[in-house]
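Biologist: I have the sequence and the model open side by side. Before I use any of the labels attached to it, I would like to hear the grounds for each.

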Amino acid sequence: MSIDLRTFRNALGQFPTGVVIATARTRDGQRVGMTMSSFNSVSLDPPLVLFSVHRQALTFAVWQTIEKYAINILNDEQEKLSNQFARAKGDKWGDIEPLTGKTGVPMMPNAAVVFECEPYARYDGGDHEIFVGRVMALHEHDFNRGRPLVFFDGRYRQLASSASAHTPPPDVLQYGW
Ligand SMILES: Cc1cc2nc3c(=O)[nH]c(=O)nc-3n(C[C@H](O)[C@H](O)[C@H](O)COP(=O)(O)O)c2cc1C
């Protein structure tokens, strides 16, 4: 049984995600960065996160060699930045002046949260490869808290007011969230 690709892609688009830019320096000091919606949490202890990179991405082979990187969670005013780092050609960094993390990685200014990571594992993910990173340090910019850039149904979105937000009952929160 085969699944129609377009139907599959559209169905996946019904799962809302945030948007991150993974940033790093190559061994010869070049800055690289890539917009991703495949970021997710994996483990609290040890602290692990993941993302997946398309094997056809220009910088795919670069990501396989990188020794530390930052995952920058974008806020809802960083749509332009997201587009900038989703274009394969051209100077992605332009006039951006990156911050430098505790591990020396370049980090996006004004990201809502930044995780500094080192590679932990890589797995086959079909036309993507799954990268698991161990979080070494994190930074939160409180003024951007609660205002993530959201990607849903092929479009950027912003969260509506939190007036309709509900906390799950305590018995379903025992899992540790
Ligand atoms: C919202 C959004 C989410 C994306 N998520 C991913 C992703 O999770 N994995 C991926 O390989 N490419 C993803 N892309 C596409 C890459 O950002 C794009 O192919 C980029 O040019 C790759 O960088 P490179 O050409 O420098 O290798 C996404 C693009 C957008 C706009």
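Modeller: This is a predicted model, so every value here is computed. In it, an oxygen atom of the ligand lies 2.5 Å from an N or O atom in the side chain of T59.

Biologist: What makes the pair between the T59 side chain and the ligand oxygen a polar contact?

Modeller: The cut-off for a pair of N or O atoms is 3.5 Å. The T59 pair is at 2.5 Å, so it counts as a polar contact. The side chain of S38 also has an N or O atom 2.6 Å from a ligand oxygen. With S37 a backbone N or O atom is involved, 2.9 Å from a nitrogen atom of the ligand.

Biologist: How much of the ligand's accessible area does the protein cover?

Modeller: On its own the ligand has 630 Å² of accessible area, and the protein covers 82% of that. The ligand is surrounded by 19 residues, with T35, S38, H54, T59 and K92 the closest. Two or more residues of this shell come from each of β3 and β5.

Biologist: How do you know that β5 is paired with β10?

Modeller: Pairing takes at least two bridges. β5 and β10 have 7 bridges, in the antiparallel sense, so they pair. One of the bridges sets V53 against E129 in β10.

Biologist: And what joins β10 to β9?

Modeller: 12 bridges, again with the strands antiparallel. R122 stands opposite F131 of β10. The two strands form a hairpin with 2 residues between them, where G126 has a positive phi near 70°.

Biologist: Why is G133 called buried?

Modeller: Buried means under 20% relative accessible area. G133, in strand β10, has 0% and therefore counts as buried. Beyond its sequence neighbours, G133 touches P47, L48, V49, Y69, C117, E118 and Y120.

Biologist: Why is T17 also called buried, when its value is not zero?

Modeller: T17 has 19% relative accessibility, and the limit is under 20%, so T17 counts as buried. T17 lies in strand β1 and, leaving aside neighbours within four places in sequence, is in contact with S37, L149, V150 and F151.

Biologist: Which strands make up the sheet that holds β1, and why are some of them called edges?

Modeller: The sheet is open, with 3 strands in the order β1-β11-β12 and antiparallel pairing. β1 (17-18) and β12 (155-158) each have a single partner strand, so one side of each has no neighbour in the sheet, and they stand at the edges.

Biologist: What makes β1 and β11 a pair, given how short β1 is in residue numbers, 17-18?

Modeller: At least two bridges are needed. β1 and β11 have 2, so the condition is met. In one of these bridges G18 is matched with V150 in β11. On its other pairing, β11 (residues 149-152) is joined to β12 by 4 bridges, with F152 opposite R155.

Biologist: What is noted about D153, and why is it called partly exposed?

Modeller: D153 sits in the loop between β11 and β12 and has a positive phi near 55° though it is not glycine. Its relative accessible area is 43%; buried is under 20% and exposed over 50%, so D153 is partly exposed. N110, in the loop between β8 (106-107) and β9, has a positive phi of about 70° and is not a glycine either. At 40%, N110 counts as partly exposed as well.

Biologist: What makes the bond before P46 cis?

Modeller: The peptide bond from D45 to P46 has omega near 5° and is cis. P46 is in the loop between β4 (40-43) and β5.

Biologist: Which residues have the most contacts inside the largest nonpolar core?

Modeller: W63, Y69 and I71, in a core of 20 residues. Elements giving two or more residues to this core include α2 (60-65), β6 (69-73) and β9 (113-125). A second, separate core has 14 residues, among them L74, L81, W93 and A111.

Biologist: What does W63 touch?

Modeller: Outside its sequence neighbours, W63 is in contact with A22, T23, A24, V32, G33, M34, Y69 and F131.

Conventions. Residues numbered from 1 in each chain as written. Predicted model: local features only at pLDDT ≥ 70, side-chain atom pairs only at ≥ 80, totals over all residues. Heavy atoms only, no water. Buried < 20%, exposed > 50% of the residue type's maximum accessible area, 1.4 Å probe, protein only. Contact = heavy atoms within 4.5 Å. Core = buried A, V, L, I, M, F, W, Y, C linked by side-chain atoms within 4.5 Å. Near = heavy atom within 4 Å. Polar contact = N/O pair within 3.5 Å; in protein donor to acceptor, adjacent residues only side chain to side chain. Areas by Shrake-Rupley, 256 points an atom, 1.4 Å probe, with all protein chains shown as cover.
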